[in-house]
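Thank you all for coming. I would like to walk you through a structure that is new to most of us, so please have a look at it on the screen before I go on.

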Amino acid sequence: VYHRSLSPMQDGTQLLGYSLIDGINGNTIAAGELSSISPGASLTWAGFTDVCALSVMDSDGMLSMLARSPSSDNCSSDTMGHWIPMLDTVGLKKSTSDSFWPVEVYGGKLVCVPLRGGKEYPDPVRRPVT
């Protein structure tokens, strides 16, 4: 994931792009715009699911995934995709100052650490939840 522009849009939305590159031969598998960021939000997490799908979460708590064609069931398939919202965590918050620290997306579920009371980082002894 990279910045496509030095300055964000007027509403503060980051202009980001992505490239998936084969680590063995250096070929670009997929590339495009990261169009899943909510207006005025910023990227807070990027990672891969257990089935090698690029996933991102923004500062508004929207988790999105780059969905590829059904025939692309491995990480080295040469296909493009579309960004699909997977989870809006706003409804899961107990207060407006709560947020979530993503750990991974596994089995279609977000594994995360809930951050309560405006905390920015998780307590190292707290276990992630799904």
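Let me start with the largest pocket of this predicted model, which is lined by 17 residues, and where the residues that lie nearest the centre are Thr44, Ser99, Phe100, Pro102 and Leu115. Its volume is about 280 Å³. If you look for the elements behind that lining, you will find that strand E4, at residues 43–48, strand E5 and strand E8, at residues 99–106, each supply at least two residues, and that the largest share, four residues, comes from E8. In terms of chemistry, the lining of this largest pocket divides into seven nonpolar, five polar and five charged residues.

The second largest pocket holds about 180 Å³ of space. Of the 13 residues that line the second largest pocket, Leu63, Met86, Val105, Gly108 and Lys109 are the closest to its centre. Here the strands that each supply at least two lining residues include E6, at residues 62–68, together with E7, at 81–88, and E9, at 109–115, and the lining is made up of seven nonpolar, four polar and two charged residues.

That brings me to E8 and E9 as a pair. These two strands are antiparallel and are joined over seven bridges, with Phe100, which we have just met among the residues nearest the centre of the largest pocket, standing opposite Pro114 in E9. Together E8 and E9 form a hairpin with two residues between them, and in the turn Gly107 has a positive phi of about 60°. How many of the seven residues of E9 are buried? The count is six, so E9 is largely enclosed by the rest of the structure.

Next, I would like to point out two threonines that sit in loops. Thr49 lies in the loop between E4 and E5, and because its relative accessible area is 9%, under the 20% limit, Thr49 counts as buried. Leaving aside residues up to four places away in sequence, Thr49 touches Ser55, Met65 and Val105, and Val105 is also one of the residues closest to the centre of the second largest pocket. Thr89, for its part, is found in the loop between E7 and E8, and with a relative accessible area of 1% Thr89 is buried as well. With the same sequence neighbours left out, Thr89 touches Met57, Gly61, Phe100 and Leu110, so that Phe100 comes up once more.

Let me now turn to the strands at the start of the chain. Three strands form an open sheet in the order E1-E2-E3, and their pairing is antiparallel. The edge strands are E1 and E3, the latter at residues 28–33, and each of them pairs on one side only. Between E1 and E2, which covers residues 16–21, there are two bridges, and His3 has Leu16 in E2 as its bridge partner.

Finally, a word on confidence, which is worth keeping in mind. The mean pLDDT of the protein is 82, and 84% of its residues reach 70 or more. Which elements have the lowest and the highest mean pLDDT? The lowest value, 80, belongs to strand E1, at residues 2–3, and the highest, 93, to strand E5, at residues 54–58.

Key
Residues are numbered from 1 along each chain as its sequence is written. This is a predicted model: local features need pLDDT of at least 70, side-chain atom pairs count only at pLDDT 80 or more; totals for chains, interfaces and linings use all residues. Side-chain values use heavy atoms; hydrogens and water are left out. pLDDT is the predictor's confidence in each residue, from 0 to 100. On a 1 Å grid over the protein atoms alone, a cavity is a set of points where a 1.4 Å probe fits but cannot get out, and a pocket is an open set with protein on both sides within 12 Å along at least five of seven lines; lining residues have an atom within 4 Å of a point. Grid points are joined across faces, edges and corners, and a volume is the space filled by probe spheres set on the points. Ala, Val, Leu, Ile, Met, Phe, Trp, Tyr, Cys and Pro count as nonpolar, Asp, Glu, Lys and Arg as charged, and the others, Gly among them, as polar. Two strands pair if DSSP finds at least two bridges between them. Buried means under 20% relative accessible area, exposed over 50%, partly exposed in between (1.4 Å probe, protein chains only). Contact means heavy atoms within 4.5 Å.
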